[in-house]
Amino acid sequence: MTLFECTNISAGYNKISVLDIVHCTINTGDFVGIIGPNGAGKSTLLKLLARILSPLSGTIAYKQNDITAIPHSVYATQVSSVMDIERVLPYTVESFVALGRFPHAAITSLTPHDYKAIDEAIQYCNIEHIKQKKLTRLSSGELQRVNIARALAQSTECVLLDEPVSHLDIYHAYAIMDILKKLNESGSTIITILHDINIASEYCSRIIGIKAGNIFFDGTPEECITYQNIEALFDCVCLVYTNPISGKPYVYPVPEHVKKSRL
Amino acid sequence: MKKFSINIGAILAVCAACVFIMAIALSIGASHVTLLSLISGTSSVATQIIMLRLLRVFMAFVVGAALAVSGCIFQALLKNPLAEPYTLGVSGGAAFGASIAIITASSAVSVYAFLGGVLTVIIIFFIARTMQFHPTAIILAGISLGFVLSSSVLLIFAFAKPDTIHKTLMWLSGDLSMAQYEHITLYATSILVLTAIALFFHRHLDIISFGTGFATTHGIGTVHIATLFWIASLATSITVAATGIIGFVGLIVPHAVRTIKANHAFLLPVSAIAGGTTLVVADTIGRSIVMPYEIPSGIITGFFGGIFFLILLLTRKDAL
């Protein structure tokens, strides 16, 4: 089933377009990894889907309805977002995760059902041991997991994430990707921007490459992650092998000095 | 999971401290009448003096509470630790209005001040709406307009008689002895209503304080942001009409309370009580340290508030 359908989208800031998409659909149950160089328009695409930004022209449909016709309060029960927190305030982890219930109970006080969702989100992300800690005291890995737990407490069908594993070490990065995988397997649609192509390859069912505001390629990791595609996308030289264990493609970039000495 | 308690114990403790401080404030003043003399004797003069002090203490409490609540809301809306009730230029507008009233020897200083404040907010509101309530844009617009208005006040001073300048300056520094006591019920009720509405939106404020994008993705539209903007602005304008400009309470009280707990279900009521108490203390100090003269409470809150906050900053820097 089609979840999102973007048609003739042009989007940007101060009326200058930085992203142009002729047509793109995202289906229920997809695990989409968006990759591409800095400034290519990845975050712009995610902001459009999160409705933080409105397109300059074109339409985005969510389940066949124009998203501008859906009230923000209703949309927030369908799609949640994990983006960098602008301000880290001294809330406890538990009360921050509880904010995720806001779209379901904006005015009324939280019901046992809400508390159940909060508890489950906390367990899902393995943050029970820090639930009384204040956000200001967390490491970046912990903060990211807390932020994801907050989005999970929102109980939405679709989760959008902007670089959830940047700045994290391999252990924490994989822990977060494992959470997303588990979530995807339970039926959620995941759309995430990733900088690490190999992580995208291992976890995502679909890769969208964006270059200079256009969709450059779109397909399964096996189809998309070829040395021709990656070299053209990032203007670099690289090798692509197959991970012998997972069978997924993985990318080795070749540094400039090595390239020179080998030629 | 246990329910998030609003920490009834802490709130009760603050209330008790507040009542105790009020009792002390009622017992201090230019004439030696204490609460005890009210209980023991039945002198009608003592009763009258206490009633006068009660009115003043009550006014200080209401204004302090309103400023603290308004400060909480602005700090959430503008996502800036320096945001306070006067960031949008309400003080500049009110000062401008009040100066005109005092210079033209009009008796309706508070009406002029209120109108000055509200007109400023209306201008800022329309600018803010065009900027999609972008916090930095609102702050810069407020500061710019504030400069225009305070320069206008200085321009008025340049042509005014010295005694009117002195009177205006005392008003600008938040002098509770010049407050509008005849309308105290009106001030108190409107502040109470605005605070109650703000409390109703406490979860909105929690979400908004984490950022504009965060608010959007949780389903908060500009209608809620505009509502909260007006609650805080009106509360500030009312305080300005009642007592003039009293700085710092609206800035430091929310910060100090936030070091205990940041959730607005706690922050709003506790800030209100703490803000009210702070101003009662400041006013009591102001009218008792150099008796029979009075120091405007705006000066006291700025002076002692500044020192207190520096200490807090140095000792609890991680909590901010």
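**Contacts between chains A and B, and local features of each chain**

In this predicted model, 26 residues of chain A are in contact with 22 residues of chain B. On the side of chain A that touches chain B, the elements contributing two or more residues are the helices α2 (72-75), α3 (93-98) and α4 (112-124), together with the strand β6 (79-82). By class, the residues on that side of chain A comprise 16 nonpolar, six polar and four charged.

Within chain B, helix α5 spans residues 109-130 and so counts 22 residues, and the distance from its first C-alpha to its last is 32 Å, close to the 32 Å expected at 1.5 Å a residue. The buried residues of α5(B) are B:V109, B:S110, B:Y112, B:A113, B:F114, B:G116, B:G117, B:V118, B:T120, B:V121, B:I124 and B:A128. The elements that cover these buried residues include α4 (90-103), α6 (135-159), α7 (162-172) and α11 (222-243) of chain B. Just after α5(B), the backbone at B:Q132 adopts a positive phi of about 50°.

A helix pair of chain B is formed by α3 (residues 44-78) and α13 (residues 264-288), whose axes come within 7 Å and cross at roughly 140°. Because angles over 145 degrees would be needed for a roughly antiparallel arrangement, the crossing leaves α3(B) oblique to α13(B). In handedness, the passage of α3(B) across α13(B) is right-handed. The contact of α3(B) with α13(B) involves 17 nonpolar, six polar and two charged residues.

Positive phi values are also found at a residue of chain A and at a further residue of chain B. In chain A, A:K63, a residue other than glycine, has a phi near 50°, and A:K63 lies in the loop between β4 (57-62) and β5 (65-66). Since 14 other C-beta atoms lie within 10 Å of A:K63, this residue is partly exposed, the burial cut-off being 20 or more such atoms. In chain B, the phi of B:F248, likewise a residue other than glycine, is near 80°, and B:F248 belongs to the loop between α11 and α12 (249-258). B:F248 counts as buried because 24 C-beta neighbours are found inside 10 Å. The two loop residues thus fall into separate burial classes, A:K63 being partly exposed and B:F248 buried.

Notes:
Residues are numbered from 1 along each chain as its sequence is written. Chains are lettered from A and ligands numbered from 1 in the order in which they are written. This is a predicted model: local features need pLDDT of at least 70, side-chain atom pairs count only at pLDDT 80 or more; totals for chains, interfaces and linings use all residues. Two residues are in contact if their C-beta atoms, placed from the backbone, lie within 7 Å. Helices (H or I, at least four residues) and strands (E, at least two) are DSSP runs, numbered from the N terminus. Ala, Val, Leu, Ile, Met, Phe, Trp, Tyr, Cys and Pro count as nonpolar, Asp, Glu, Lys and Arg as charged, and the others, Gly among them, as polar. A residue is buried if 20 or more other C-beta atoms lie within 10 Å of its own, exposed if 12 or fewer, and partly exposed in between; C-beta atoms are placed from the backbone. Axes are lines fitted to C-alpha atoms, for helices over the stretch in contact, and angles run from 0 to 180 degrees between N-to-C directions. Angles under 35 degrees count as roughly parallel, over 145 as roughly antiparallel, 65 to 115 as roughly perpendicular and the rest as oblique. A crossing is left-handed if the near helix is turned anticlockwise from the far one by less than a right angle, and right-handed if clockwise.
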